[in-house]
Amino acid sequence: MTSPAHGAGGEVVVDAVVVGGGNAALCAALAAGQAGARVLLLEKASLAERGGNSFFTAGGFRFAHGGLADLRRDVLTDLSDEEASAADVGPYSESTYYDDLVRLTEHLGDPELLDTLVTRSRSTVAWMRDLGVRFILMYGRQSYRVDGLHRFWGGLNVEAVGGGPGLVQALFDRAQAIGVEVCYETKAASLRLDERGRIRAVVIRGPDGFREVGAGAVILACGGFEANPEWRARYLGPGWELAHVRGTRHNTGDGIRMALEIGAQPFGNWSGCHAVAWDANSPAFGDRKVGDMFQKHSYPLGLIVNREGQRFVDEGADFRNYTYAKYGREILRQPQRLAFQLFDQKTVPLLREEYRIREVTKAEAETMRELATKLEIDAEALVRTVSAFNAAVQPGPFNPSILDRKGTRGVTPPKSNWALPLDSPPYVGFAVTCGITFTFGGLRVNARAEVLDTEDRIIPGLYAAGELVGGLFYQNYPGGAGLMAGAVFGKLAGELAARHVATAGP
């Protein structure tokens, strides 16, 4: 890898500029660098805040695989025989993955993009392992111990060692090793085209002001607009400016705006987003010390009520992976944007680790009425709600590692799986609000990650990956597909950008 060159006028000239500093951007920079391109990566954040939303994730990747034996070949290379014998990890086929995406996005996802994501997922994870990203099984978040085995469920089985921070560190380490130049506290401001409509430069703004960087290709991978309250209110709707932001404060839609200004086509679910149950007293943006632990994702084991003591979702509609990203929106619609997850001592031992951190908004009581008082819920209504729910629970075996069909009858909304009466005090309640993760609307790309204009023509030299790619997710999302999409389209964009620069004529 050679250092960036300088043009006749002294401006910096590189082969490819990557805008962003998270998983998608780093995969793009690494792929382009491996292909021989001179790469400049622009990270809007400081060194201390680098990593985009990827830093705030668990580092989980949803990809097609043939089961544990297949994973041990080139992904879970550190898993011992003893660990493998205690884990039940079934295969997750490409057809199942594709069906999950289609089902959860209400058949609206772009078929070509979904197919690219699914069919390239397995090889991309193996490529990341070769880059130095180590992976482990998601024991604590994606398995329950049943009959002596860790039984994994819901198609999401593997995470990067160290979670999101570990993933970001590993990718930055590799980028540095192959010579990718990184500029911190530097944002892309606008794109420049030549007279033939091809990318020729990007205007950047750093600590010393504006300058132009010549480049044969630009890869936009700088997130959606989830940290932009004005855009959230404009596109997601009234009230969304009040949502908490789970991750970085820097994802304000810059990449989308720049591309639209040169005629790129907006695409996807602009009024939709990934939003979850997030601690009610969490800060406005992500806390790098707490990370993703403000999330509260064991709700399928209990009840969710609002301040009026009423249930408003089916807590057990499906595995957590398939409902959590849409339930944040439902919480935002409740009075004062608050909800409460309730559990008794039958399920408290099964709760995920995020319920046991110091920074948690919770109450505990011997009676449901007392719990309501502590959490400022309508006590009379809550007692009625819980009594009606308990009476509606149907008999049958409880098994949190499968869709056990142990549901309710005669209450609305129903609880379709994992329904247990709340009758074993002390009762525990956790207060949550809506935490937005990323937005679904963005730019239209083809299966080669090339950005299209409003006439469906390729904008030569412009690529996109990560959150700002529109057309993948609508209304909902399967857990782990976001990081996977970022890596797949980031790698693809980097490879093709390097090839474009190598073959483009004057």
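**Exercise 1. A threonine in a helix**

In which helix does T385 lie? Work out also whether T385 is buried or exposed, and which residues it is in contact with.

*Solution.* The model studied here is a predicted one, and the first step is to place the residue: T385 belongs to helix α12, which covers residues 379-392. The next step is to look at its relative accessible area, which is 13%; because buried means under 20%, T385 counts as buried. The last step is to list its partners while leaving aside the neighbours within four places in sequence, and these partners are V305, G309, Q310 and R311.

**Exercise 2. A leucine in helix α13**

Decide whether L492 is buried or exposed, and find which residues it touches.

*Solution.* Begin with the position, since L492 is part of helix α13, a helix made of residues 481-503. Its relative accessible area is 5%, and because the limit for a buried residue is under 20%, L492 is buried. When residues up to four places away in sequence are not counted, L492 touches T116, R120, A447, R448 and A449. One of these contacts can be followed further: A447 is 45 residues apart from L492 along the chain, yet the C-alpha atoms of the two are separated by 9.0 Å.

**Exercise 3. The nonpolar cores**

How many residues has the largest nonpolar core, and which of them have the most contacts inside it?

*Solution.* The largest nonpolar core has 147 residues, and those with the most contacts inside it are V17, F61, M128, F135 and L220. Asking next where the residues come from, one finds that helix α13 gives the largest share, twelve residues. A second core, separate from this one, has 22 residues, among them L338, M368, L371 and A419. As a background to such findings, nonpolar side chains tend to be buried together in soluble globular proteins.

To see the surroundings of one core residue, take L220: apart from residues up to four places away in sequence, it touches eleven listed partners, including V19, L191, G255, M258, L443, L462 and Y463.

**Exercise 4. Two sheets of three strands**

In what order do the strands β4, β6 and β9 stand in their open sheet, and why is one side of β4 and of β6 left without a neighbour?

*Solution.* The order is β4-β9-β6, and the pairing is antiparallel. The edges are taken by β4 (60-61) and β6 (135-137), each of which has a single partner strand, so one side of each has no neighbour in the sheet. Looking closer at one pair, β6 is joined to β9 (residues 158-160) over three bridges in the antiparallel sense, and V158 in β9 is the bridge partner of L137.

Another open sheet of three strands has the order β5-β8-β7, with mixed pairing. Here β5 (87-88) and β7 (143-146) are the edge strands, and each pairs on one side only. The strands β5 and β8, the latter being residues 149-152, pair in the parallel sense over two bridges, and A87 is found opposite H150 in β8.

**Exercise 5. Strand β23 and its partners**

How many of the seven residues of β23 are buried, and in which sense, parallel or antiparallel, does β13 pair with β23?

*Solution.* Strand β23, residues 458-464, is mostly covered, since five of its seven residues are buried. With β13 (residues 209-220), strand β23 pairs in the parallel sense over three bridges, and Y463 is the bridge partner of I219. With β22 (residues 450-452), by contrast, β23 runs antiparallel, and two bridges join them; Y463 serves here as the bridge partner of E450. Finally, β22 and β23 make a hairpin with five residues between them, and in the turn D456 has a positive phi of about 65°.

**Exercise 6. The second largest cavity**

How does the lining of the second largest cavity divide into nonpolar, polar and charged residues?

*Solution.* The structure holds three cavities of 30 Å³ or more, and the second largest contains about 50 Å³ of space. Its lining includes L301, G302, F343, D344, K346 and T347, together with K415, L420, P421 and L422. Sorting these residues by kind gives five that are nonpolar, two that are polar and three that are charged.

How values were computed
Residues numbered from 1 in each chain as written. Predicted model: local features only at pLDDT ≥ 70, side-chain atom pairs only at ≥ 80, totals over all residues. Heavy atoms only, no water. Pairing = 2+ DSSP bridges. Helix = DSSP H or I, 4+ residues; strand = E, 2+ residues; numbered from the N terminus. 1 Å grid on protein atoms, 1.4 Å probe; cavity = no way out; pocket = protein on both sides within 12 Å on 5 of 7 lines; lining within 4 Å. Points joined across faces, edges and corners; volume = space filled by probe spheres on them. Nonpolar A, V, L, I, M, F, W, Y, C, P; charged D, E, K, R; others polar. Core = buried A, V, L, I, M, F, W, Y, C linked by side-chain atoms within 4.5 Å. Buried < 20%, exposed > 50% of the residue type's maximum accessible area, 1.4 Å probe, protein only. Contact = heavy atoms within 4.5 Å.
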